[in-house]
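Here is a short report on one sheet and the helices packed around it. Look at the model first.

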Amino acid sequence: MAKKRPQTKARRPQLTDGQIPVVGAREPCPCGSGRRYKACHGRAAAQAVTELVHRPFEGLPGECDWVALRELVPAATVGLTLKDGLPEGVPSVTLATVLPMAWPALRRDDGSVLLGLQNDTPSGDISRDLADTLQRALTAEPGTPVQARRAPADGPRLQDLLDPKGPFEPVVHDGFEFWVPDPENATPDVTASLERANAAAIPTVKLTGVDSAYWCETPEKNHLRWVMPHPEEQLLDALARLHAAGGSSLGDGTRLVGSFRAHGLTVPVWDLPSEVRAEDVEKPAAEFAERLAGALAADAPLTADERRARGGLTNRQVTLS
């Protein structure tokens with residue numbers, strides 16, 4: 001009997017990572033490996049979507065203020081400086097804490113761009129999601145919002161798009177009138193929306209004498225929330241030293257009550273009497289900053305009292321992100 005000729009399979013074209021289309025998780029991977037997509041190129045894509053970036057704003061100018069505007073401040077704006085300059089037809093790019101209808105971004109009629117910060121993001125990397133939204137806003141039709149989507153896993157991050165030497169100077173607003181160019185002549189629907197948003201905003205003031213500290217007013221008492229760049233363990237040790245020595249307050253009636261964790265940074269929080277305004281804590285906050293610098297430089301082991309103080313501070317931490 002004549003031997004059967006061996007059957008040969010046509011060689012599948014090999015695709016690069018950038019050419020791999022997204023298919024169903026249990027389907028064969030289009031790269032030709034013979035494995036299912038979820039076990040091949042889909043693995044990296046899934047990990048990029050779900051992996052949490054601990055400090056998404058690290059490396060950006062004003063990292064502490066990025067965290068504050070993301071988590072603590074109701075109404076604020078910041079002008080952003082792009083690394084490659086503004087595209088033609090885009091007079092400005094402005095970061096805003098929140099936009100109408102919780103839009104991720106808005107291209108205004110004049111071509112300017114508003115980028116919303118306080119939005120749910122589909123991946124674990126806020127910086128990549130925001131960069132994708134910003135890029136799409138820069139090319140959107142004037143007068144249109146930009147909708148949310150999952151950013152490509154290999155897309156740029158804010159650190160790739162923004163000028164690392166550009167200023168980051170938040171302007172805190174009493175309300176959301178920055179949503180519209182001419183709020184006094186807004187339509188009744190827009191006016192009603194602004195009134196609702198303004199009624200829900202907690203009065204907030206950024207201190208001028210220290211970095212990234214925000215006073216806010218609530219019905220029962222006021223607070224100071226201060227985003228700090230120091231490593232968490234080192235900062236907690238320093239706060240414990242000051243607390244045990246009676247040096248953690250900001251004056252009569254004030255008290256360090258705990259801290260937030262947010263995007264890889266620690267945010268100590270003080271309770272303030274309701275009569276204490278933002279201007280009243282400017283000097284005490286500057287004096288506290290000097291005491292904190294000394295405590296951060298100390299390297300002796302914590303005493304028993306300091307360890308107890310540290311335990312109390314640790315127990316009163318709340319994670320925001």
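The sections below cover the model, the sheet and the helix packing.

## Model

This is a predicted model, where local features need pLDDT of at least 70, side-chain atom pairs count only at pLDDT 80 or more, and totals for chains, interfaces and linings use all residues. Residues are numbered from 1 along each chain as its sequence is written, and side-chain values use heavy atoms, with hydrogens and water left out.

## Sheet

Six strands (DSSP runs of E, at least two residues, numbered from the N terminus) form an open, mixed sheet. The order is β7-β8-β9-β11-β10-β12. Pairing requires at least two DSSP bridges between two strands. β7 (204-206) and β12 (317-319) are the edges; each has a single partner strand, so one side of each lacks a neighbour in the sheet. Neighbouring strands are turned by 25° against each other on average, direction ignored.

β7 and β8 (residues 213-217) run antiparallel, joined by three bridges. V205 has W215 in β8 as its bridge partner.

## Helix packing

Helix α6 (residues 232-244; helices are DSSP runs of H or I, at least four residues) lies across β10 (255-262), β11 (265-272) and β12. α6 runs at about 25° to β11. Axes are lines fitted to C-alpha atoms, for helices over the stretch in contact, and angles run from 0 to 180 degrees between N-to-C directions.

α6 also packs on helix α8 (residues 304-315) at about 120°, with axes 8 Å apart. Contact means heavy atoms within 4.5 Å. Residues making this contact include L236 and L239 of α6 and A309 and L313 of α8.
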